Structure formats: structure tokens, C-alpha cells
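The following questions and answers introduce a structure to a reader who meets it here. Please look at the sequence and the model before reading on.

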Amino acid sequence: MPGGVVGLVATADTGRIEAPVTLKAYLMCAFAAFGGILFGYDSGYISGVLGMDYIITLYTGLNPNDPRFAKNGSDPNGFALPSWQKSLIVSILSAGTFFGALMAGDIADFTGRRTTIILGCLVFIIGVCLQTGSHSYGLLVAGRLVAGFGIGFVSAIIILYMSEIAPKKVRGAIVSGYQFCITIGILLASCVDYGTQNYTTTASYRIPIGIQMLWAIILATGLFLLPESPRYFVKRGKIDRAADVLGRLRGQPRDSEFVQTELAEIVANHEYELQIIPQGSYFTSWANCFKGSLFVQKSNLRRTILGTSLQMMQQWTGINFIFYFGTTFFQQLGTISNPFLINLVTALVNVCSTPISFYTIERFGRRTLLVWGALGMVICEFIVAIAGTVDGGNPTTVKAEIAFICIYIFFFASTWGPGAWVVIGEIYPLPIRSRGVALSAASNWLWNCIIAVITPYMVDTDKGNLGAKVFFVWGGLCVACFVYSYFLIPETKGLSLEQVDRMMEETTPRTSAKWVPHSTFAAEMGLTDKGTLAPEIVADVERKGSVV
Ligand code: BGC
């Protein structure tokens, strides 16, 4: 074994378990955030495309002068595409992403995090080619399903990859960068749709759909050049390769004491976890995600429920009501006539507010952001609901409602948007991490889809016709988010992923913020007199990893 990894230098000093990092290394870790563009753009472009004259004529055969011809948004009461077609085109993507995310966890453990994301980009490109080449409804739907699989891979595994490679002090900020890219993707989609909406050729939809290939090519090429996650190699028992990539990620020689110490801690923690959760067959390792008591913070079951419910709650905030149905809603309010302008304003508030979290998520912590963010959203949502119910016909009230919706987006974008993704990357121990993150991402897509399907029934004028009252529903759900985050979200800021594991063992969510690391896994599992990790631990992790 080259490089002498067996004699991994280890430490009992909790402050020294991570190597210092160079700027280049920070930038390498941040690059993967680019994957958010795929996520955001793909969920954002479709509403504009469905409203294009060209597409409506293509799918319905209606002439734009036909009275039954109504563009999405320009007439809240009419739409030339039948609802079931519209709903299938929109929701099929979430269905694909749901299954894609579920499968991705397995693939990421088998072939590696980086390889899974690259594979996701390839699948996505195939789906985009089908959609771009489509000249009929069926092929567009099939293409979105395939592209959805690809996005499922990317959205689940990017979080895993970024959380595993990022330095602990900036892990929250770096993963928030992913959310920032999601918001940029949504904004780009509005702009491209706007640019091509009046084209009278297939270019009207082929350009916004086809352009996405570019994002996938950039992401796949960049990742091809980046190192694999060292934690993946530890899981597979390839400690030597883990040392190589960790050295590259931290901008240090692989045998530097810092790199060795950080690696020793990852190895010792993994050995500790393997003793508690023995690995077995394929089914046993899935079953491991659901082991333990719901009332013990550290148990796998509790963590899996925490991750999946956190993503569910993120959708419960109602944010996609604005991004999927905002145009029609604002028009029903009655004072704004330009749907693009509305899309643009909400997308811009979303983009501009997200970077605030780069600082606050590390300064105040994940828990604080989620608790206060939920409270901020609750207040805004109830103001919108009450104002709209009491005085909805008054143009000044409508303006105030729009302002509070923007403030609500500000709260989401700076807290729950990034926070939910950051936390799911941090709470799982290595043996179940890839599946736990994948399940959580799948939950996001599942709820995303459920909300997309049921919302029209609440607000359509011929159905529930709730109008501004729909914000009572979102406000009520946000109260649940507030209570949930106060009682259940632990504070993970500033800790290594291995320290998070220990913190969850020793605290409750409400006491977690005060917890400070007091020992290292390396010290507990076994240090030799020479200050190295006991060789039998390294050998055991290598042996177990090779049979996974
Ligand atoms: C959510 C998406 C949402 C987006 C808005 C993401 O964190 O998961 O569903 O559309 O934020 O910025």
C-alpha cells in the first residue's frame, strides 16, 4: 500500500480533526453547486412553454384566433390544453425525479458519488434530446420522465457529495450555494421562456428545452475533473484512495499530518458506526435506515424520518404555489396584467435573498434559521390571507398583499430554501448516508408533486376558488413548520459530519446548539503509542468495505 496509510496519524484533540483549506480547494467544493441550475431550470421552464401559442396549436390543433384558445396566465378561467394534459406534463417530471432520487442512493454507494452525478447528467441529456426532438405530446411526456430520472440522481447525490467534501466551517454556506443555483435556474428559465414565447416556429419550445443540455454538460465535465468523496472511499474500504482525494480537496499533500488526522477520524467513526449497525445484504442495508426507536434522536429511524419530513415541510411552506401558480394567482388579485413581470419579480426576490444564508447559516446556525424563517413566513402568509379576505377588492390592499408575498419569498429563500438541503446532508451516519439523503430528496419531489396536483383544486375559479384565502392553508402549514423545527431540528453548524453523529447521541434538538465536541472517535476507538490510529481498525474498515 503506497503512502503509508496504515499508520494514520490520529489525535484526541477535537479542534484538529480537519485540515486547513486553500482557496482553490474551497472553489472545488463549491463547483458542484452548479447542479442546482439543472433542478431550478427544469422545474421553471415548463409553465412558460405550456403557455406558448405554438405549443397550444401543436397539441390542440386550435388556431390562436379561436375563442377556446387561451394562454396560460392570460386568462385565469381558460386554458386550451386540457387540465389532465397540463397536469401530466408538469407532474411527470417529479414522478421521474422521485424514482431517480430513490435509486441514486444505491448507485452512489456502488459506483461513487461523483460518478452517479455524471451518470445523472447523461440520463438527463437523453431526456432533453427526446423533449427537444418531440413534435407531439407523447414524446414530450416521455422525455420529461427520462430527464426527471436524471434530475433525481443529480438533486439527491449533489447534496451528499457536497456535504461530504466541504470543510466543516463552510459546509452550510457551500451547500446553500446549491440552493442559490436552483434560484438562478428558475430565473434563467423565466428569461429564456420570455425571449422565445412569441416565436412562430418549433424554436419557441426547442430553445428553452434544448438549452438545458448545456448545464448538464458543464456539470458533468466539471465533476469529471473533481475528486471523488473521501467518505465514499472509506465506506468501500479504500483508505489509500481516500487519502489521495482528501489531500486534493484540502490542497495538502496526502501524507500531511492534517490530512491523516482528518482521515483517521472518518475511519474511526465509520468503524464505530459499523459496530452499532452491522452491514449485511442489500435488503439489510435498506432496512438499516429504519432501525431503532423514534424517540431516540440518534436512531436511524429517527434520522430518516427527520430528513424526509424536513423536505416534506419545506414543500408545505407553500413556496411552489408561487413558482408554479403565482402568475394566475396574481392576476386574480386584479391589478397586475403582465405575467412575465410577476414571474420575474418573484424569481428575482428569490435569487437576491438566498446569498444572505451563506453568512447566516454559519453565524446563527441551521436550527435558528429554520425556526425564525418559519415564523417570518407564518406572519407574512396570514397578513396576505387576512388582507385578501377582508379588503381584497381594494387596489392598495392588493399592492400590500404582493409586497408581503415578496417578503414571504425573502424569508423562504434565506432560511428554509437552503436550510432543508443543508440539514439532510448532515444528519445521517456514513453507513446509511447515501440512502438517507436519497430518501429525503425523494420526499421533496413527492410532496412537490402532490402540491402541484392538488393546488389547482384549491384555487381554480370553478373549483375551490379560495383566492387569497389559500394563504390561510399555507400559513397553517407554516405554523406546523415552526413547531416542527423548534422541537425536532438539531444544530449542526461548525461540526464535522462525525461530530454531528456524536452530538445527536448526546443531546436533544433543543440542547444541541450548546453541545461542544469533547473527544475524537480516533481516541475512543484506539490510538497507538505512536499517535496513530490502531491498525486493526483500518484493516477492519478495509475488509468490511470490500464486501459491501
Ligand atoms: C425547493 C423547490 C423550490 C425552490 C425555490 C427549493 O429548495 O426544494 O421546490 O422550487 O427551492 O427556490
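Q: At what angle do H15 and H19 pack, and how are they oriented to each other?
A: The axes of H15 and H19 lie 12 Å apart, at an angle of about 175°; axes are lines fitted to C-alpha atoms, for helices over the stretch in contact, and angles run from 0 to 180 degrees between N-to-C directions. Helices are DSSP runs (H or I, at least four residues), numbered from the N terminus. Because angles over 145 degrees count as roughly antiparallel, H15 is roughly antiparallel to H19.

Q: What is the make-up by class of the contact of H15 with H19?
A: Contact means heavy atoms within 4.5 Å, and the residues of H15 that meet H19 include Phe 323 and Phe 330, with Ile 405 and Phe 412 among their partners in H19. Ala, Val, Leu, Ile, Met, Phe, Trp, Tyr, Cys and Pro count as nonpolar, Asp, Glu, Lys and Arg as charged, and the others, Gly among them, as polar. The contact of H15 with H19 thus has one charged, no polar and 12 nonpolar residues.

Q: How many residues surround the ligand, and which are the closest?
A: This is a predicted model, in which local features need pLDDT of at least 70 and side-chain atom pairs count only at pLDDT 80 or more, while totals for chains, interfaces and linings use all residues. Residues are numbered from 1 along each chain as its sequence is written, and side-chain values use heavy atoms, with hydrogens and water left out. With a residue counted as near if one of its heavy atoms lies within 4 Å, 14 residues surround the ligand, the closest being Gln 179, Gln 314, Gln 315, Asn 320 and Asn 350.

Q: How many charged residues does the shell around the ligand have?
A: Helices H7, H14, H15, H19 and H20 each supply at least two residues of this shell. By class, the shell has nine polar residues, five nonpolar and no charged ones.

Technical notes
Angles under 35 degrees count as roughly parallel, over 145 as roughly antiparallel, 65 to 115 as roughly perpendicular and the rest as oblique.
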